[in-house]
Amino acid sequence: MDFIDSVATTFELPLETGTLTTSAWLYPPTHVETTSATSSHRPVLFIHGFRGDHHGMALIAHNLRTHEALVPDLPGFGQTPPLPTTTLDSYTKFIDELYAQATNHFGTEPVLAGHSFGSILAAHWAANNPTIPGLVLMNPITISPCDSAGKIATKITELYYHLGRDLPTHLGRSLLSNWLIVRAMSMTMATTNDPGLRKYIHEQHHRYFSTFSDPHTLSDAFDVSMTASVAEVSGRLTMPVLVIAGKRDFIVPIQSTNRFIETLPNARARVFDGVGHLVHYEAAEATAREIEDFADELSDSAHCTQPERIAHGTR
């Protein structure tokens with residue numbers, strides 16, 4: 001992604017077991033304003049999805065015209081080393097420290113945005129921090145795969161990750177990074193009919209879908225994704241929430257996402273027609289516009305409850 005302007009940085013996050021050097025990338029606004037209003041735009045802190053790294057959020061971050069963005073590599077993925085234990089609790093503690101340092105860096109609290117697996121982590125952290133200015137959930141995991149209709153496929157996937165964990169490390173990594181399996185995953189998730197975009201999506205997955213630190217960490221992260229969902233904490237997400245989803249999402253049925261939206265106290269939503277679980281690729285620019293509009297409407301002080309709005313659109 002040489003066309004994307006970003007600056008690499010690191011954050012030293014104090015955790016119970018020591019300091020975690022977290023790799024992250026800062027994305028400047030692509031539209032420079034000449035007025036002082038620029039400083040009032042809230043930054044956005046992104047949490048990427050399962051198996052990926054910061055590259056997955058890069059297109060959205062790049063398309064934010066007036067908002068700065070920060071995208072870290074989650075522990076155990078990309079250039080950030082793993083946590084001592086990979087659990088939902090350890091991830092939320094990681095976000096706790098990251099959010100504090102991001103706030104210190106920007107001089108204001110950022111909007112927190114999570115995609116897919118990242119939506120689980122962001123939602124569970126936000127449920128314990130209801131005073132944050134706003135939360136964005138992209139392709140949120142609104143139902144545990146263990147409770148979904150595709151239980152056979154889920155069981156096969158579980159066996160795949162656990163086998164990769166239990167094999168000798170070099171064999172496990174080889175299995176979990178297998179080119180054909182990664183391509184099959186990519187083809188399952190991609191819904192666009194644009195051949196150029198499909199090629200780009202597959203290239204991104206082949207480049208960055210296997211940057212996990214080790215098979216054990218990847219398997220443990222998979223287990224987190226199987227046992228948690230955003231729906232578990234919906235009633236505690238009292239801050240303004242923006243939900244962005246694809247109507248053709250193969251991972252999470254849109255009916256489940258709509259039910260989740262209805263349980264949120266203060267939500268708006270955008271559902272893209274013709275898009276699946278990869279809004280960050282298949283609708284990156286439109287998603288960036290939704291996030292910008294949402295962030296611009298957030299008050300710097302008290303939250304104002306707004307009526308739920310679900311918009312459907314094509315790309």
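This report describes the nonpolar core and the two largest pockets of a predicted model.

## Basis

The model is predicted, with local features requiring pLDDT of at least 70, side-chain atom pairs counting only at pLDDT 80 or more, and totals for chains, interfaces and linings using all residues. Residues are numbered from 1 along each chain as its sequence is written, and side-chain values use heavy atoms, with hydrogens and water left out.

## Nonpolar core

The largest nonpolar core (buried Ala, Val, Leu, Ile, Met, Phe, Trp, Tyr and Cys residues joined through side-chain atoms within 4.5 Å, where buried means under 20% relative accessible area with a 1.4 Å probe, protein chains only) has 89 residues, of which Phe46, Leu112, Leu135, Val136, Met138, Leu237 and Ile291 touch the most other members. Beyond its neighbours within four places in sequence, Leu237 is in contact (heavy atoms within 4.5 Å) with residues including Ala123, Leu135, Phe260 and Pro265.

## Largest pocket

The largest pocket (an open set of points on a 1 Å grid over the protein atoms alone, where a 1.4 Å probe fits, with protein on both sides within 12 Å along at least five of seven lines) holds about 1,100 Å³ of space. Its lining (residues with an atom within 4 Å of a point) has 43 residues, with Phe50, Thr157, Met185, Met189 and Ile251 the closest to the centre.

Helix H4 (a DSSP run of H or I, at least four residues) gives the largest share of this lining, six residues.

## Second largest pocket

The second largest pocket has a volume of about 260 Å³, and among its 14 lining residues Leu15, Glu16, Thr17, Ser90 and Lys93 are the closest to its centre. Helix H2 supplies the largest share of that lining, six residues.

Key:
Buried < 20%, exposed > 50% of the residue type's maximum accessible area, 1.4 Å probe, protein only. Points joined across faces, edges and corners; volume = space filled by probe spheres on them. Helix = DSSP H or I, 4+ residues; strand = E, 2+ residues; numbered from the N terminus.
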